[in-house]
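Subject: Structure handover

Hi,

Here is the structure I promised. Please open it before reading on; my notes follow below.

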Amino acid sequence: MADLDVIVVGGGHNALVTAAYLAKAGRRTLVLERRDHVGGAAETAELDGVRVPRLADTVGRIRPSVVKDLDLRSHGLRLAAPDVRVFAPQPDGRAITLWSEQARTVAGLRDWSGHDADSYPDFDRLVRSLGRFLAELAAETPPDIKAPGIGDALTGLKLGRTFRGLGKHDSHTILRVLPMAVADFVAEAFETDALRAAIAWRGVRSSFLGPWSAGSTAILLADGAGNDGGAAGQTVFAIGGPGALSEALASAARKAGAEIRCGADVAAITSLDNRVTGVALASGEELTAPVVVSGLDPKRTLVGLADPVTIGPSMRWRAANYRTPGVVAKVNLVVDRLPRFTAAAGDDDQLLRGRILAAPGIDAIERAFDTAKYGRASDTPVLEATIPSLVDPSLVDGAPEGTHVVSVSAQYAPYTLRGGTWDDGGRADAFGDQVVAVLDGLAPGFASSVRAREVITPLDLERDYGLSGGHPLHGEQALDQFFLWRPFLGSGRYRLPIDGLYLCASGAHPGGGITGQPGQNAAREILADTKRRR
Amino acid sequence: MAERYDAVIIGGGHNGLVSAAYLARAGMKTLVLEQRHVLGGAAVTEELFPGFRFSVFSYVVSLLRPEIIRELQLPRHGLDILPLDGTFTPLRTGEGPKAGGGDYLWRVNDHGRTIRELRRWWPADAEAYEEYGQLMVEMARFIKPILGITPPDLTSLDPRPLLPLGGLLRSFQQLPERQQAVFVQLMTMSAADFLDQWFETDPLKATMSASGIIGTYLGVRSPGTAYVLLHHYMGEIDGAFRAWGIPKGGTGGISNAIGSAARSLGAEIRTEAPVERILVNAGRATGVALAGSGEEIRADVVLSSVDARRTFLGLLEPGTLDGEFEEEIRRFKFRGSSGKVNLAVDRLPLFTSLPGAGEHLRGAISFSPSIDEMEQAYDDAKYGHFSKKPYIDMIIPTLVDPTMAPPGKHVVSCFVQYAPYHLAPELGTWDDQREAFGDAVVNRISEFAPRFADSILFRNVQTPLDIERTTGLTEGNIFQGELTLEQLFFNRPAPGHARFRTPVRDLWLCGSSTHPGGGIMGANGRIAALEVLRSRRRRAA
């Protein structure tokens, strides 16, 4: 008799979602987390006496069905959504501002271009319509093309119906735009470069792509799938930081009966005759279970933990070639006063509650990307910042009046640097300086307000969080690692090449970000498989 | 009353001529109208400099469909394709594994020799090359049928056009999983990422990836460029038909052969007959009106082999099409990205890495020393500049076909990437930059063959603007519309309109703006003609 029904390796948010669903269904489930707390990249940590969202900062893409099924509100999850979604100050002192309320966005855009103001509602509608289709796709397990069963046929029919439901125009549009460069996609609707950039940015965020790269439109549309994003994108905070979401998930899992062990470093996934048998911990302890679910990325799972003889050289080669070129650094800042953006004269407070974007134009993003292609960090990185303490003052409880947290995702900072690594003296700091300088250029005096700073490079993401190549999405979300072939063809249905081994996190369909969707889908598949066997 | 035709075809490029031949073969009274004095569109041979004949634009044949060669009996009409052997990638002093001086990478059709050459660079790459080559041949075998089908409209309720797709799905299912995965990668990855999985040798990857960017406004690191890597191998499976090489007498030789085949089957061909307008009556195309004379020619069906933008926005009376369709056509992207420099020289180029007039000059000479330089060339173009260090695909046709130049002299054909049609404002127009572009090309060649400039007797620079002006190809795009993922298959030229039919009844497209895209394939012209014939049969029945 095995020790457990299911062992979940890793305690990131998707792993917790899977564990909670499985435990709810009565499976004896154990979660093993290497670090001393769960959450992975959805983590609230301390910096200079205040609490900061260490990596991810917003949680608005979490699927409503996950929140509902696991009753996360009763486990303490509280969400807050400011009126403003995006504030994009420009070097010339003007700004693009996108609001939750469409009419307000349109009114503001009229200062830039009447054409764009008129186009915005239609574009917003299109993004939402295509996003709804992608959300349905995301909630389904990709069909089995090798040996399709009744279920696959039904899924196919259902998706076919949803596809037709888009109507002739939108169904033609989605086939055309998915593989498109996002720069072209936004240019079809808007003439203002600053607006194009503010929207297109979401098509390249966390990816080793520029706005002129094919397939970036798919990323933009998927970002708005299953949430209230639309053209502006979501900006929703968890009170207490993203760690609060992880805690609520862990609490739900425990309540359902799952056990969670932190400080438990899995060193190997054990198997016999191409069937998984359990895991071995770095401590030497061995645990057995007929089902092992990996919440890690596919490369780490298959190249790092699986038995090389069992998976064989060909699969190992494919797993090793799974692309994970991390390109984002995270810079967390504690400041002693709110930044004063030239473009936000007056009502700072209101405008700064959403995502603040330093991406002044399509070409500016593309040029920042260019440097990354040749293994250099950009001197003028594209930044997406939030000031969560404006929405959630509890983060800075006890700190001096005026203290705020500025959370910055800085791109492009490639994992692979020419002629050295991120550990080489001063590289990380120098990049941190560039990030502060970009913000200081838009909000003069910002640099002098910084009281504490941490720079988390892609190399840190790999070492501290176990993300291969420092990729926050567990691997590129480009067209070649998508849907049925995420992480790769033959393993796109949460089942990895060893029987009983599953993948439940961002390396599986529908991919990265805090959605809980891969975790939910994987749990459904595992339950279906184990029910059959019982 | 003027003569009446069953079919009139606008444009005497290779696709227009192929359509004409197939329609005439089926007994239709067919007329081809070509605006220029020569047939061939972008596949023409012209004597630009006394005694020197040039394939002015398109310069090699790689993909001319074997069934067309066979069915139209093109060899009987003078088609003779001379094989090009190998690809030579010269490097500069200090580059490559050779001790001391500069090196080169030279792949030839003799497999054993290529493997030995690769082993010299990096033994593991030689091994990978064999595996890779086999895989690509299998892939090409799977893809080939797609080139011959009419794309279905996925949103249509009529299931019949979906049938060939079902067949494709089944043959996909039957592939081993590894090959399925590679197929997906080919359709979605960048050429550089795809090749990175196999190879280390930079000039090898750069040279192979070059085929992925030819004629596109994309770089070797842009997703969607891997697919074209296959094309090379398609030629290989068609090898028995000698479909890869240069046509004797230049690419005009192909056009003349197809033209002659069409004539012998009964088609009529008129040159210097530019079409000004497609005549439409009550929603159906009824013929064309010529520019200048105003002559009207009536026909049951009109086929346009010119690109989608020129056909729909240039040749139709405004208001003929509904606004939404017009919008789709306006969105169809062209963005020509390549130029051509044709040179007459008094001696062969002398490369520092392999001096002498050897065999290495008889194939393609690829200026692609590294992935980075390929990508930087694209970066220039992204911001509206022609590449300072462009990728050049050089061919010296006189080495395989000495009739193209006086004895002892040579013709050098340089295909150059990138030359964006839309220049950055600070550069002005292509009329201002033509010679600067030509200089950049000669300078680039001189990096590898230092005394090259001294050998030049005559230089003809074709910028994308010149290509547009002469051949009518919108924005100088050699494929009649970018070959990006969103403009392929059922999206070419517009979603829901990929079946050669147009919203105007009896008006058909038969050029490269349709599936399966550009290149001297002839597939578009053939499938379009077959669709026209099928529809006539259906109507007659």
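Which residues of the largest nonpolar core touch the most other members? This is a predicted model, so please read everything below in that light. The core holds 333 residues, and those with the most contacts to other members are Ile7(A), Ala20(A), Ala198(A), Leu249(A), Ala253(A) and Ala21(B). Helix H1 (residues 13–24) of chain A supplies the largest share of this core, eight residues. Domain 1 (4–80 + 247–332 + 483–540) and domain 2 (85–237 + 335–476) of chain B both contribute residues, so the core lies between them.

Take Ala253(A). Leaving aside neighbours within four places in sequence, its contacts are Leu16(A), Ala19(A), Ala20(A), Ala23(A), Val31(A), Ala258(A) and Ile260(A).

Next, the interface. 30 residues of chain B are in contact with 31 residues of chain A. On the chain B side, helix H6 (177–188) and helix H13 (371–382) each give two or more residues. H6(B) gives the most, with seven. That side divides into nine nonpolar, 11 polar and 10 charged residues.

Last, H13(B). It has 12 residues and reaches 17 Å from first C-alpha to last, close to the 16 Å expected. Ile371(B), Met374(B), Glu375(B), Ala377(B), Tyr378(B), Ala381(B) and Lys382(B) are buried. Seen down the axis of H13(B), the buried residues fall within an arc of 150 degrees, so they line one face of the helix. Their cover includes helix H14 (362–373) of chain A, and also helix H7 (191–196) and strand E15 (391–395) of chain B. After H13(B) comes Gly384(B), with a positive phi near 85 degrees.

Best wishes

Notes:
Residues are numbered from 1 along each chain as its sequence is written. Chains are lettered from A and ligands numbered from 1 in the order in which they are written. This is a predicted model: local features need pLDDT of at least 70, side-chain atom pairs count only at pLDDT 80 or more; totals for chains, interfaces and linings use all residues. Two residues are in contact if their C-beta atoms, placed from the backbone, lie within 7 Å. Helices (H or I, at least four residues) and strands (E, at least two) are DSSP runs, numbered from the N terminus. Ala, Val, Leu, Ile, Met, Phe, Trp, Tyr, Cys and Pro count as nonpolar, Asp, Glu, Lys and Arg as charged, and the others, Gly among them, as polar. A nonpolar core is a set of buried Ala, Val, Leu, Ile, Met, Phe, Trp, Tyr and Cys residues joined through C-beta atoms within 7 Å. A residue is buried if 20 or more other C-beta atoms lie within 10 Å of its own, exposed if 12 or fewer, and partly exposed in between; C-beta atoms are placed from the backbone. Domain bounds come from an automatic or database domain assignment. The expected span of a helix is 1.5 Å times one less than its number of residues. The arc is that of the directions from the helix axis to the C-beta atoms.
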